[in-house]
Amino acid sequence: GLEPLAWSEDHRVSVSTARSIAVLEQLSDVHSGGQDMVIHRTAVPAPGAACMLKVGPKKEVAECKEKFASSVDPTVSQTFMLDRVFNPEGKSLTPMRGFKYSSWSPLGCDANGRCLLAALTMDNRLTIHANLNRLQWVQLVDLTELYGERLFEASYKLCKADTPCGELGDFPEFQRRHSMQTPVRMEWSGICTTQQVKHNNECRDVGSVLLAVLFENGNIAVWQFQLPFLGKESITSCNTIESGISSPSVLSWWEYEHNNRKMSGLIVGSAYGPVKIIPVNLKAVKGYFTLRQPVVLWQEMDQLPVHSIKCIPLYHPYQKCSCSLVVAARGPYVFWCLLLISKAGLNVHNSHVTGLHSLPIVSMTADKQNGTVYTCSSDGKVRQLIPIFTDVALKFEHQLIKLSEVFGSVRTHGIAVSPCGAYLAVITTEGMANGLHPVNKNYQVQFVTLKTFEEAAAQLLESSVQNLFRQVDLTDLVRWKILKDKHIPQFLQEALDKKIESCGSTYFWRFKLFLLRILNQSMQKAPSEVTWRPSHEDAKILISDSPGMGSTEDDQEEGTSKQASKQSLGDTGKGVDIDEAAEDSLHQSSDTGGREPMVEKLLEIQAQIEAVEMHLTREHMKRVLGEVYLHTWITENTSIPTRGVCDFLMSDDGYDDRTARVLIGHILKKMNKQTFPEHCSLCKEILPFTDRKQAVCSNGHIWLRCFLTYQSCQSLVYRRCLLHDSIARHPTPEDPEWIKRLLQGPCTFCDSPVF
């Protein structure tokens with residue numbers, strides 16, 4: 001496709017290929033001691049059957065195709081036979097299999113609160129997919145099919161006032177019906193809020209998202225979806241807008257906020273050169289406004305096709321207001337346009353940046369946090385453009401990133417920047433060697449760091465997002481540094497302690513937990529064998545060889561020699577658990593009268609991890625108790641072990657939190673000496689609340705506890721957080737809304753979503 005790479009807000013890179021969309025998910029894994037990037041790979045397979053656009057009844061369409069294919073007029077027969085929109089199955093031609101474009105929705109659109117993937121195949125099928133059960137992608141809806149049915153019901157007229165359409169047997173009409181439903185690009189808007197009226201006339205805010213689809217004839221279909229998007233039933237509306245642009249090539253949303261009023265529009269670019277903003281009427285969307293008429297950003301028909309458009313919201317330091325920077329790749333140039341609203345109205349400044357590339361720009365991406373734009377041409381050169389505001393408008397400082405210095409001679413086919421600007425993903429193939437092109441092309445996705453560890457750490461400390469999962473690219477750089485140096489830098493430790501003392505936000509506690517876990521992993525010995533490979537050792541042992549019977553001198557000598565070889569190899573060796581290592585070292589060093597320094601350090605780090613986890617658990621318990629107090633009547637059983645949580649919070653004499661004591665006092669007064677204990681579903685015995693992670697009845701039945709509500713998960717099916725930190729139960733129909741809202745939350749330790 002034209003833009004084969006896209007990077008989502010939840011740190012997944014989609015790569016459009018001929019067989020599938022490969023999805024590479026970046027994880028900042030706290031359970032791995034390796035310094036490499038951790039990437040989980042899944043795929044959205046290409047559909048097996050070709051997509052046939054609905055232009056009329058099947059029998060009539062088949063007759064028309066037969067007629068056009070055998071027409072004596074070569075302008076009709078050859079045009080029909082060679083147009084792959086009319087003949088997606090190909091017959092004698094190569095099949096149109098694969099994907100040409102993909103687009104990620106904002107965070108929070110699917111049932112798990114993550115991003116949806118809109119995919120456009122080579123044969124013009126537009127579908128929406130979701131990754132609901134972690135490893136498998138599910139197609140939720142086929143928008144091409146739905147839009148074709150809408151047009152068929154409306155007799156292929158956009159509005160009732162349109163003139164009656166011609167007969168399908170006329171070739172121009174046959175072409176028109178295809179071009180009005182052939183997608184060129186699609187883009188998601190930001191999440192907006194709509195008001196829904198209940199049966200009792202109360203209004204509640206419901207999240208929704210818009211998907212704009214640009215068609216070959218210049219029309220734009222704007223689909224509105226209610227969140228979370230579950231499928232066809234979540235489609236609220238579909239409106240078609242006429243852009244008036246001939247030969248459209250690219251699309252982007254323009255979203256602008258001025259004095260707490262949100263404005264929106266659609267930026268459309270043409271293969272002939274013009275760029276303009278089309279108004280979008282969003283009457284049903286709360287707090288949204290649109291333009292009164294289209295705004296032309298570039299009107300010259302200079303035959304420089306608009307390849308890519310990015311819209312970046314920025315703050316103007318001189319005008320003291322928000323503004324929009326629109327950048328578009330046009331041939332080897334970058335067209336830019338600065339839009340800001342003042343008392344005089346909408347101000348538009350535009351120009352071109354020249355001298356960037358000697359070849360046309362094949363891909364462009366933008367870091368929306370600081371406005372940096374990256375462009376690349378096929379010769380392996382990437383340009384970084386940094387906008388600098390002036391009194392009047394702005395200028396760009398640009399510098400060259402030579403990928404040949406990193407990867408050798410390569411050709412580039414697409415780039416994408418990570419959400420926080422820490423990484424640049426690049427699709428490369430082999431370049432020329434000794435003046436000759438390579439015989440075979442091997443496409444690879446390369447990752448290049450754009451920030452230093454110090455910059456990533458500073459950005460995490462000053463983050464306005466305060467969510468580790470949404471900043472995985474930054475935490476990955478921090479993870480790499482700690483694993484490499486085997487210690488937390490002093491400046492980061494001190495700055496984090498100051499943040500915790502000054503504001504006490506749980507975000508900084510979670511950040512501290514992340515650093516300690518990575519430090520703990522850096523101290524562990526790497527396993528000498530691959531962990532997934534089955535061992536061929538005999539599981540049966542003689543009684544004399546069992547650990548309880550002691551060991552022979554030969555065994556001891558073999559053990560010491562193994563230990564010496566592990567120390568000499570450094571990173572190699574067998575991984576052991578901390579507690580086991582501590583116990584072994586205690587036995588080994590009992591004669592010498594002291595523990596090894598490494599085990600001392602490991603035990604100290606483990607104690608700190610336990611302390612931070614306990615602090616985060618108590619803070620979340622306070623939040624759960626607050627919800628219980630607000631949403632329950634006197635002597636009502638909430639199904640949450642309220643008394644157990646209260647007793648657990650107050651069981652530690654060293655924990656003195658006035659807020660918790662006051663809250664618990666109010667709740668106990670409301671409960672009126674009732675306990676409402678949980679019971680084991682197997683033996684009906686009481687499940688005491690003695691551990692935050694599990695519940696054990698008197699008969700020894702063990703149930704894991706939900707970390708979001710602290711209820712025992714007494715079923716075989718439950719959810720788990722992305723990094724396998726904790727488990728959570730599924731919501732049930734009997735749960736009240738406030739419990740369902742609690743169960744939608746992320747992991748309290750790592751901010752990851754729960755599957």
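This report describes the overall make-up of one predicted chain, and then its sheets, a pair of helices and some single residues.

## The chain as a whole

The model is a predicted one, and its secondary structure comes to 15 helices and 36 strands. Of the 755 residues in the chain, 48% count as buried. When contacts between residues at least 6 apart in sequence are considered, 56% of them join residues at least 24 apart.

## The sheet of strands 1 to 4

Strands 1, 2, 3 and 4 form an open sheet in the order 1-2-3-4, and the pairing is antiparallel. Strand 1 (5–7) and strand 4 (38–45) stand at the edges, where each has a single partner strand, so one side of each is left without a neighbour in the sheet. On average, and with direction ignored, neighbouring strands of this sheet are turned by 20° against each other.

Within this sheet, strand 2 (residues 12–16) and strand 3 (residues 20–27) pair in the antiparallel sense over 5 bridges. One residue pair can be picked out here, since the bridge partner of Val15 is Ala22 in strand 3. A helix also belongs to this picture: helix 7 (residues 472–485) lies across strand 3 and strand 4, and it runs at about 55° to strand 3.

## The sheet of strands 20 to 23

Another open sheet has 4 strands in the order 20-21-22-23, again with antiparallel pairing. Its edges are strand 20 (306–316) and strand 23 (345–353), each of which has a single partner strand, so one side of each is left without a neighbour in the sheet. Neighbouring strands of this sheet are turned by 20° against each other on average, if direction is ignored.

Strand 20 pairs with strand 21 (residues 321–330) in the antiparallel sense, and this pairing extends over 10 bridges. In strand 21, Val327 is the bridge partner of Lys310.

## Helix 9 against helix 12

Helix 9 (residues 506–523) and helix 12 (residues 597–631) have axes that come within 9 Å and cross at roughly 155°. Angles over 145 degrees count as roughly antiparallel, and helix 9 and helix 12 are therefore roughly antiparallel to each other. The crossing of these two helices is left-handed.

The residues of helix 9 that make the contact include Trp509, Leu513, Leu516 and Met523, while those of helix 12 include Leu602, Ile605, Ile609 and Leu616. Sorted by class, the contact of helix 9 with helix 12 has 11 nonpolar, 5 polar and 6 charged residues.

## Helix 13 and what covers it

Helix 13 (residues 642–650) is mostly covered, as 7 of its 9 residues are buried. The buried residues of helix 13 are Thr642, Arg643, Gly644, Val645, Cys646, Phe648 and Leu649. Among the elements that cover these buried residues are helix 12 and helix 14 (658–671).

## Glu454 in helix 6

Glu454 lies in helix 6 (residues 453–461). With a relative accessible area of 42%, Glu454 is partly exposed, because that term is used for values between the 20% limit for buried residues and the 50% limit for exposed ones. Although Glu454 and Leu492 are 38 residues apart along the chain, their C-alpha atoms are separated by 8.7 Å.

Key. Residues are numbered from 1 along each chain as its sequence is written. This is a predicted model: local features need pLDDT of at least 70, side-chain atom pairs count only at pLDDT 80 or more; totals for chains, interfaces and linings use all residues. Side-chain values use heavy atoms; hydrogens and water are left out. Axes are lines fitted to C-alpha atoms, for helices over the stretch in contact, and angles run from 0 to 180 degrees between N-to-C directions. Angles under 35 degrees count as roughly parallel, over 145 as roughly antiparallel, 65 to 115 as roughly perpendicular and the rest as oblique. A crossing is left-handed if the near helix is turned anticlockwise from the far one by less than a right angle, and right-handed if clockwise. Contact means heavy atoms within 4.5 Å. Ala, Val, Leu, Ile, Met, Phe, Trp, Tyr, Cys and Pro count as nonpolar, Asp, Glu, Lys and Arg as charged, and the others, Gly among them, as polar. Two strands pair if DSSP finds at least two bridges between them. Buried means under 20% relative accessible area, exposed over 50%, partly exposed in between (1.4 Å probe, protein chains only).
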